[in-house]
Amino acid sequence: MNYEKILGQFATDKNIVVRDVKVGKSTYKLLFAPELTDGLAVRSMIKALQRFGADASTATQIKDAVLHATEAEIVNDEAEAMESLLSGDGLLFANDGVLQINVRKYEKRSVEEPPTETVMRGPREGFIEDLRTNLGLIQRRLRTPALGIEKYRVGRVSSTNVALVYISTIAQPELIDEVRKRLNKIDIDCLIDSHYLQPLLEDHPFSIFHQSGVTEKPDVVCAKLLEGRVALIVDGSPMVLTVPFMFIEDIQSSEDYYERNAFSTFLRIMRLIALFFGVALPAIFVAIEMFHQEVIPVRFLTTLMNATEGIPLPPLPEILFVLLLFEIIREASVRMPRAVGMAMSIVGALVLGETAVNAGIISSPAVMVVALSSISLYTVPNEVGTMSLIRIVLIFAGGFLGFFGLIISAMFFIYLMCSLDSFGVSYTAPFAPLVGDDLKDAIVRAPIPTLSTRPKSIPNVNNVRQGEDICENE
């Protein structure tokens, strides 16, 4: 293998540093990428070679006698050598071979509480953008030799590391093989984030419903692995994917298992009610105002008519306008600098909303309905994007066809959900199809001692979670 041939593949010779290292009576070439390597480790390695390498004349001798305390491997394939060089390893070109030496160093942030999944109780650690750190967070919790970790390279240009994680004594082999097969089929130039993997792995990539779980918390991933799922960790992304996935998982939270079961059940019911309000409330408001005013009590109808008197916009355009206003404020608050984003979003919502109401452009009931709807959606944050689209469709259905349009639209979306599956698991399980044993941890969260078996909706080879027979099933 010729080092000049490897250097010739780079767009500029500034990307790679070439050093001459004297080992005994011989002079070898050392290649490394300065931005990806630890300068101290490189200097220490060069000093060790110069000091103790006089009696080492082959790559094997250098590896065993001089670099025995360092991760070093002999590579014979040019593509493998190029990959290791671009990953931060150093390449030492000896007389009879090439040594790949681990001198990597990546800048990374510390492990901290994830901003998207804050909890009052439970672990506060979150994944970061470093694959090895993320795998360590899982291995620290699951100290078992059955924890399987397989690494893949995805992306023709990026060559991103992707780790497939599972528990071999629990996850079904057919599920693991299917995930392997789909990973090997991926042909993309660059894999920047784990969200790129979602449409490439899912059974229905064009559906508005996502069919894989996304989390930043190691305890959530470990809990899902213990149910028979597999996890996919992408280097450079703090978001970890888990499959198979069911819709009910987004209604649940890791904190549900750290609270008393009665309170956890209450919280799940509250999230379902909030999700219904978030999706359907604006559409119901429009349908009632335009077609079904007779269902409103007279006193409330009088108040509503007084509030909407003189408003130039009909109910449907009015709700759409208020919804657009709130979406613009939300998007601006996300894009603005953090120091002013929250203040601007609050001031913008209050000032614009109050000014528009006082000017008679929109009514106060419309502002209240859209505000309640938007807030309610964020009780289930992973479903905000999907449910926002469904909300718009329902608003149009309610505005043109009233309750009849709402019922037809709702039935259509329920049909879509029931027709989806994720790696052979029904998207709407354990309700459709009905899996009775899994209902104890669906909306209702039964006490931990009663959750003695793993979910039957998820394929696994060991259904016993706790109890006297657990050792016999391992």
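Buried means under 20% relative accessible area, exposed over 50%, and partly exposed in between. The exercises below concern a predicted model.

**Exercise 1. Classify both partners of the salt bridge between Asp-256 and Arg-268, and locate them in the chain.**

Step 1. The closest N and O atoms of Asp-256 and Arg-268 are 3.0 Å apart. A salt bridge requires a side-chain nitrogen of Lys or Arg within 4 Å of a carboxyl oxygen of Asp or Glu.

Step 2. Asp-256 sits in the loop between β10 (240-243) and α9 (261-290), and Arg-268 in helix α9, so the pair ties together parts 12 residues apart in sequence.

Step 3. Asp-256 has a relative accessible area of 0%, so it is buried. Arg-268 is likewise at 0% relative accessibility and therefore counts as buried.

**Exercise 2. Assign Arg-104 and Asp-89, which form a salt bridge, to their loops and to accessibility classes.**

Step 1. The N to O distance between the side chains of Arg-104 and Asp-89 is 2.9 Å.

Step 2. Arg-104 belongs to the loop between β5 (98-101) and α5 (131-141), while Asp-89 belongs to the loop between α4 (78-86) and β4 (90-93). The two residues are 15 residues apart, and the pair links distant parts of the chain.

Step 3. Arg-104 has 33% relative accessibility, so it counts as partly exposed. Asp-89 is buried because its relative accessible area is 2%.

**Exercise 3. Describe the salt bridge of Glu-129 and Arg-109 in the same steps.**

Step 1. The side chains of Glu-129 and Arg-109 meet at 2.8 Å, N to O.

Step 2. Glu-129 and Arg-109 both lie in the loop between β5 and α5, so this pair ties together parts that are 20 residues apart in sequence.

Step 3. Glu-129 is at 33% relative accessibility and so counts as partly exposed. Arg-109, at 31%, is therefore also partly exposed.

Step 4. For the whole model, the salt-bridge count comes to 27. One network of salt bridges links Glu-178, Lys-181, Arg-182 and Asp-203.

**Exercise 4. Which residues does Glu-71 contact, leaving aside neighbours within four places in sequence?**

Step 1. Glu-71 is placed in the loop between α3 (59-66) and β3 (72-75).

Step 2. With those neighbours set aside, the contacts of Glu-71 are Gln-100, Ile-101, Asn-102 and Arg-132.

Step 3. Ile-101 is 30 residues from Glu-71 along the chain, and their C-alpha atoms are separated by 6.0 Å.

Step 4. Glu-71 has 53% relative accessibility, so it counts as exposed.

**Exercise 5. Work out how strands β6 and β7 are joined, and examine the backbone of the residues between them.**

Step 1. Strands β6 (residues 147-154) and β7 (residues 160-167) run antiparallel and are joined by eight bridges. Glu-150 has Leu-164 in β7 as its bridge partner.

Step 2. Five residues lie between the strands of this hairpin, where Gly-155 takes a positive phi near 110°.

Step 3. Ser-159 is also found in the loop between β6 and β7. Its phi is near 50°, a positive value in a residue other than glycine. Ser-159 is at 18% relative accessibility, so it counts as buried.

**Exercise 6. Examine the backbone at Phe-423, Pro-244 and Pro-433.**

Step 1. A reference point is needed. Most residues other than glycine have a negative phi, and most peptide bonds are trans.

Step 2. Phe-423 is not a glycine, yet has a positive phi of about 55°. Phe-423 lies in the loop between β11 (421-422) and β12. Phe-423 is buried because its relative accessible area is 11%.

Step 3. The bond from Val-243 to Pro-244 is cis, with omega near -5°. Pro-244 is in the loop between β10 and α9.

Step 4. A cis peptide bond also joins Ala-432 and Pro-433, with omega about 0°. Pro-433 is in the loop between β12 (425-426) and α15 (470-473).

**Exercise 7. Which residues make the nonpolar surface patch of about 820 Å²?**

Step 1. The patch is made by Ile-392, Phe-396, Phe-400, Leu-401, Phe-404, Ile-407, Ile-408 and Met-411.

Step 2. Phe-400 lies in helix α14 (residues 384-419). Phe-400 is exposed because its relative accessible area is 56%.

**Exercise 8. How many disulfides does the structure hold?**

Step 1. The structure holds zero disulfides.

Step 2. Cys-222 has a relative accessible area of 5%, so it is buried. Cys-418, at 38%, is therefore partly exposed.

Methods. Residues are numbered from 1 along each chain as its sequence is written. This is a predicted model: local features need pLDDT of at least 70, side-chain atom pairs count only at pLDDT 80 or more; totals for chains, interfaces and linings use all residues. Side-chain values use heavy atoms; hydrogens and water are left out. Two strands pair if DSSP finds at least two bridges between them. Helices (H or I, at least four residues) and strands (E, at least two) are DSSP runs, numbered from the N terminus. Buried means under 20% relative accessible area, exposed over 50%, partly exposed in between (1.4 Å probe, protein chains only). Contact means heavy atoms within 4.5 Å. A disulfide is a pair of cysteine sulfur atoms within 2.5 Å. Patches are made of residues with over 30% relative accessible area and no salt bridge: like charges are joined within 9 Å, nonpolar side chains (Val, Leu, Ile, Met, Phe, Trp, Tyr) within 5 Å. Accessible areas come from the Shrake-Rupley method with a 1.4 Å probe; for residues, only the protein chains shown count as cover.
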